[in-house]
Amino acid sequence: SSATISSNEGSYRKIIDQYRPNLAFYDSTYKDLHRHPELSEQEKRTSSIAAKHLRILGYHVHQHIGGYGLIGVLENGQGPTVLLRADMDGLPVLENTGLDYASTDLMKDSEGNEVPVMHACGHDVHVTCLMAAAELLYAARSTWKGTLICLFQPAEEIGKGAQAMVDDGLYTKYDFPKPDIVLGQHVFCLWRAGWIAMSPGPIAAAVDAIKVRVFGKGGHGSSPQLCIDPIVIASHVVVRLQTVVSRELQPGKLGVITCGKFQAGTACNIIPDYADLEISVRSYEMNIHKRLLDAIERIVKAECDASGSSQPPEFNYFAHAPTTVNDKEQTKVLNTSFSAYFKGNTGPMDPFPGSEDFSVLARAINVPSVFWGLGGCDPDKWDEANRRGEVNKLPGNHSAGFAPVIEPTLRTGMDALALAALTFLG
């Protein structure tokens, strides 16, 4: 109950203060992870760092679940089972933070192209905080009962990692109790470091990612009358898609359609045979989501028909994540715990149109989950931006300038994970 949580606040603080590990190690771990990010489904180095750390602490570690996914299990008597999750993958972004630990690494993407890689969404923060919380909770094991599962997930950025771990037997292959609750967090640099935010209900949108190929008839750029230009077809598609949300959705309902990739052709004087688009679709409500997806297919097919396309378009749905929905009852419990501990540094979390596959880990076994936001912006920079009314101009997630301040971000994130686990463990 809330009264119990309030009375436990002092003991939680005492436990965390007593067993908090040396953060200098985690500061250097974070810099190392930031300097060497890895693309989705290629998180070999990151996962080995996490696995080695958990083994040294004394966790029972299982690796290579759904790719480079891993879990560390700590069974500590009879009691609830709590799963803490961190995602590991970076993004194909050229870092422009100016940090002395900035990434300069290159990797080959899934199509064999060499691309720059950056932790532009803070998954290095998530990994480091969970490693630190794992040490704290292991050291504090005399204060709680139950089973703790620390899960490090691959391939969140492409919406595949959580489902891949479930499909690979996360909950069936290994001998540990089924989690009673799944918990996780995400860093945001439009919020002041030290801030924690959460709300019940939907907090992140469902997403689908679609590869679309439209076909034309190739030929010489000087003779368009002998060709069917797929670049023109695809261009009409991109423009027409902008009307779906503005003209087909009820005002006030969230829907986002973004064409983030448009590739066609090899030279300025050659009309190609086809053009490729990659489109992401986001919404909170499944009926709206279906309407958006149907509209995309309708528009693509109609534009191809209107241009006399040489063959029907192709659609490849290559990534999906459901709406992230925080359990109302458990969010209330955790919010009480957080509000007491982080006095004055907590608030509600507005739903955001970004997406997460976090909830797959809970939906797969029909248990509640809670996901909260963690501030990452340097407090002085945030205060100055806030004074000017320019917080939205700060480098946000997925930008080349995304640079969470190390402290107090890591300490807050570690404390939040440890506190959340202690709140639900026996």
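The lining of the second largest pocket in this predicted model comprises 10 nonpolar, two polar and two charged residues. The pocket holds about 300 Å³ of space. Of the 14 residues that line it, D378, K381, P395, G401 and A403 are the closest to its centre. Two of these names return below in connection with helix α10: D378 caps its N-terminal end, and K381 is exposed on the face turned away from the buried side.

**Helix α10 and its ends**

- Helix α10 spans residues 379–388, and its buried residues are P379, W382 and A385.
- These buried residues lie on the same side of α10, because they cover an arc of only 130 degrees around the axis.
- The cover over the buried residues of α10 includes β7 (181–192), β18 (369–377) and α11 (406–424).
- On the face turned away from the buried side, α10 carries the exposed residues D380, K381, R387 and R388.
- At the N-terminal end of α10, D378 acts as a cap, with a side-chain oxygen 2.9 Å from the backbone nitrogen of D380.
- Just after α10, G389 adopts a positive phi of about 70 degrees.

**Residue G69 in strand β2**

- G69 belongs to strand β2, which covers residues 69–76.
- The relative accessibility of G69 is 0%, and therefore this residue counts as buried, the cut-off being under 20%.
- When neighbours within four places in sequence are left aside, the contacts of G69 are H62, Q63, H64, M88, F152, P154 and M165.
- Between the C-alpha atoms of G69 and A321 there is a separation of 17 Å, and the two residues are 252 residues apart along the chain.

**Residue H126 in helix α4**

- H126 is part of helix α4, which covers residues 123–139.
- With a relative accessibility of 2%, H126 also counts as buried.
- The side chain of H126 reaches the backbone nitrogen of V187 at a distance of 3.0 Å.
- Not counting residues up to four places away in sequence, H126 touches A86, D87, C121, Q185, H186 and V187.
- V187 thus appears both as a residue touched by H126 and as the residue whose backbone nitrogen the H126 side chain reaches.

Technical notes: Residues numbered from 1 in each chain as written. Predicted model: local features only at pLDDT ≥ 70, side-chain atom pairs only at ≥ 80, totals over all residues. Heavy atoms only, no water. 1 Å grid on protein atoms, 1.4 Å probe; cavity = no way out; pocket = protein on both sides within 12 Å on 5 of 7 lines; lining within 4 Å. Points joined across faces, edges and corners; volume = space filled by probe spheres on them. Nonpolar A, V, L, I, M, F, W, Y, C, P; charged D, E, K, R; others polar. Buried < 20%, exposed > 50% of the residue type's maximum accessible area, 1.4 Å probe, protein only. Helix = DSSP H or I, 4+ residues; strand = E, 2+ residues; numbered from the N terminus. Arc of directions from axis to C-beta. Contact = heavy atoms within 4.5 Å. Polar contact = N/O pair within 3.5 Å; in protein donor to acceptor, adjacent residues only side chain to side chain.
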